[in-house]
Amino acid sequence: MADLSKYRNIGIFAHVDAGKTTTTERILKLTGKIHKTGEVHDGEATTDFMEQEQERGITIQSAATSCEWNGHRLNIIDTPGHVDFTIEVYRSLKVLDGGIGVFCGSGGVEPQSETNWRYANDSEVSRIIFVNKLDRIGADFYRVVKQVEDVLGANPLVMVLPIGIEDKFTGVVDLLTRKAWIWEGVGDASNYKIEEPPEDMADAVEEWREKLIETAIEQDDDIMEKYLDGEELSIDEIKACVRKGTIALDFFPTYCGSAFKDKGIQLILNAAVDYLPDPTEVKPQPEVDLEGNETGEFAIVDPDKPLRALAFKIMDDRFGALTFIRIYSGRLGKGTSVLNTFTGKTERIGRLVEMHANERIELDGAQAGDIVAIVGMKNVQTGHTLCDPKFPATLEPMVFPDPVISIAATPIDKAASEKMGIALGKMIREDPSFRVETDEDSGETILKGMGELHLDIKVDILKRTHGIEVTVGKPQVAYRETVTKRIEDSYTHKKQSGGSGQYGKIDYIIEPGEPGSGFEFESKVTGGNVPREFWPAIEGGFKISMEKGVLAGYPCLDFKVILLDGASHAVDSSAIAFELAAKAAYRQSMPKAGPQLMEPVMKVDVFTPEAHVGDVIGDLNRRRGMIKSQEAGSTGIRIKAECPLSEMFGYIGTLRTLTSGRGQFSMEFLHYVACPKNVAEEVITETKEREAEKDK
């Protein structure tokens, strides 16, 4: 049986272009998993194996691999940094025990770093910090440490200091041992020497070492007492305190280096082993019932307990469907049967594999703490729980955000049309933030996603991976509708046509709800005028109707229906009669309740050189943006703003023109707000014209 204390399930996450994939490559090379490092800019990184990743030099999907270091097994997931693919980060963090947050030495804490950090906080993942790219112009280790404190509200525990900076960066001083690690040359991380630190750093080393010790010993009263009595602490004692505080999320051990130049990676691996938790040291996963309420039971990490595993990623490759799972308790072997608690169906495990990016190694079995993939599972989707059929249980599922942007995709011929349905089915299984709908009126296929790049990649995958040529319409914003007035109304549904008829009368109030409340229903009927068994049918009628608003046919949200009274007939009333009454009541009353169009607003983070700040702000104002803050960095200015999504299409092209190609931006969905009157009128007119065009 494997020793779980030697397991580390870790993810590497960061802002786009901070060097996650390069760091992963260096780790694989150092641990002997690969013999030649592939570079991201050459399209040869091991974990970037999709064609689209190799061409664009970005990570799109998380890739799993494992390696050995100092007798420990590291299961590593390299995650994407681009905001359109944060779903990959979220679901990876959900199943990991520890993480390495990579920050760019010159860029510092960037927009996407904040989102990823927030996800890691939500999932309570212990982390170590790696400030990368210290060989870059404008790199400043101490500035990034300060940003981690100020922007992320985190407590970085500095473990090493850099020797030199920018092109003079040669190595780091390990504060615990007071020794300098110097790497000679580039391209070989194992070519280093350990020596005394430079004399001019002696004071800084002592000052930061003291800070480190004073922060760490707060974790253990006995060791603190020893320190206050003037006794010298052993390195093992300090390490034990650092480990305890890291697992408790009280602080985050902070390292630095240059992954591209092979400097500083050994210390990161040592830190992962020394300070990140093994599977048994993490808070166990709560189990929930079918309604999603916690049962009070937990999946304890123990191979001898009943099986509990969470499917966190589905991937289709040339050999068939792969289901990535994290096993929380119990064992899994070839030929065993597992129950999927979401579908209620049992499936048999055919083949188990350990993944190294897109290569696979066959396994006979796996146990609690492992991250493995199962080949050929039929009905499993992301977030489903697999468990022992004799001891069923469900783990806390994953929640995915709704898409904010859509495009129409039309296959160019009938053959492509038949293939497209199968291809899209596979793509939806792989990516829960990607949705597909068919427009009932026009028969068009609508693809919905998290951003322009997200949908761009999906169309690219359709064309290249599946060989399906499609023509794509221009992006559409996912508008919503709501109501602004409280209205009291009544509706009677009557139908008599031989035999038993249909009858249902309802008196009701429709009123605006709190922002983000969705749809709420309440019944205040007393005395049985509307029998209780018909209430769900009335609620259902309104719920089905809210999918189509009265202004432009967009889904309606944030309103409440209160059922006050009504009337029923002993023979003619039925659930269907009351459901039809509710649907007609919706159509009758919503136009009177001050319907209003809502638009998605994005949180926009723009980086620009100082010389172009005025142009960038002027452009954001023209796009109806609200500037929230500006922060000066060493290489430029960060502008935070809120901007309607409809105004942001093609923004990257404008930004590059304004900043001579040096500007960057990222955005993520923030909330829905009321559309200005002139914009709403334009959208409603456009939508109606589109509908009329389809009807022809």
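Which residues of β11 lie on one side and which on the other, and are they buried or exposed? Here are some notes to read alongside the model.

1. **Ground rules.** This is a predicted model, in which local features need pLDDT of at least 70, side-chain atom pairs count only at pLDDT 80 or more, and totals for chains, interfaces and linings use all residues. Residues are numbered from 1 along each chain as its sequence is written, and side-chain values use heavy atoms, with hydrogens and water left out.

2. **Strand β11.** To take the opening question: F252, T254 and C256 lie on one side of β11, P253 and Y255 lie on the other, and all are buried. Buried here means under 20% relative accessible area, exposed means over 50%, and partly exposed is in between (1.4 Å probe, protein chains only). The strand spans residues 252–256, and five of its five residues are buried. Strands are DSSP runs of E with at least two residues, helices are runs of H or I with at least four, and both are numbered from the N terminus.

3. **Partners of β11.** Strand β5 (residues 126–132) runs parallel to β11, joined by three bridges. Within this pairing, F130 stands opposite Y255. Strand β6 (residues 156–158) also pairs with β11 in the parallel sense, over three bridges, and there V158 stands opposite T254. Two strands are said to pair if DSSP finds at least two bridges between them.

4. **Aromatic rings.** Rings of Phe, Tyr and Trp (its six-membered ring) pair if their centres lie within 6.5 Å; planes under 30 degrees apart count as stacked, over 60 as edge-to-face and the rest as tilted. By this rule the count comes to 13 aromatic pairs. One of them is the tilted pair of F103 and W117, at 6.0 Å centre to centre with 50° between the planes. This pair links distant parts of the chain, with F103 in strand β4 (residues 98–104) and W117 in helix α4 (residues 111–122), 14 residues apart. F103 is buried at 3% relative accessibility, and W117 is buried at 2%. F252 joins F103 and W117 in one aromatic cluster; F252 is also among the buried residues of β11.

5. **Charges over rings.** W117 has another neighbour to look at: the charged end of R127 sits over its ring, 4.3 Å from the centre. The charged end of K211 sits over the ring of W208, 3.8 Å from its centre. The rule here is that NZ of Lys or CZ of Arg is within 6 Å of the ring centre and within 35 degrees of the ring normal.

6. **A four-stranded sheet.** Further along the chain, an open sheet of four strands has the order β31-β32-β34-β33, with mixed pairing. Because β31 (487–495) and β33 (519–523) stand at the edges with a single partner strand each, one side of each is left without a neighbour in the sheet. On average, neighbouring strands of this sheet are turned by 25° against each other, direction ignored. Nine bridges join β31 to the antiparallel strand β32 (residues 502–512), where D507 is the bridge partner of S490.

7. **Helices on that sheet.** Helix α12 (residues 535–545) packs on the sheet, touching β32, β33 and β34 (559–567), and its direction makes about 155° with that of β33. Helix α13 (residues 575–589) packs on the sheet too, touching β31, β32 and β34, at about 40° to the direction of β32. Contact means heavy atoms within 4.5 Å. Axes are lines fitted to C-alpha atoms, for helices over the stretch in contact, and angles run from 0 to 180 degrees between N-to-C directions.

8. **Salt bridges.** Side chains of opposite charge can pair when their charged atoms come close. With a side-chain nitrogen of Lys or Arg within 4 Å of a carboxyl oxygen of Asp or Glu as the rule, a search of the whole structure finds 24 salt bridges. K334 and D364 form one of them, with the closest N and O atoms 3.8 Å apart. K334 lies in the loop between β16 (331–333) and β17 (337–340) and D364 in the loop between β20 (359–363) and β21 (365–367), so the pair ties together parts that are 30 residues apart in sequence. K334 is partly exposed at 43%, whereas D364 is exposed at 66%.

9. **Other charged pairs.** D507 of β32 forms a salt bridge with K505, the closest N and O atoms being 3.1 Å apart. D507 counts as buried at 17% relative accessibility, while K505 is partly exposed at 24%. D619 and R623 form a salt bridge at 2.9 Å between the closest N and O atoms, and both residues are buried. Finally, a network of salt bridges links E599, R624 and E647.
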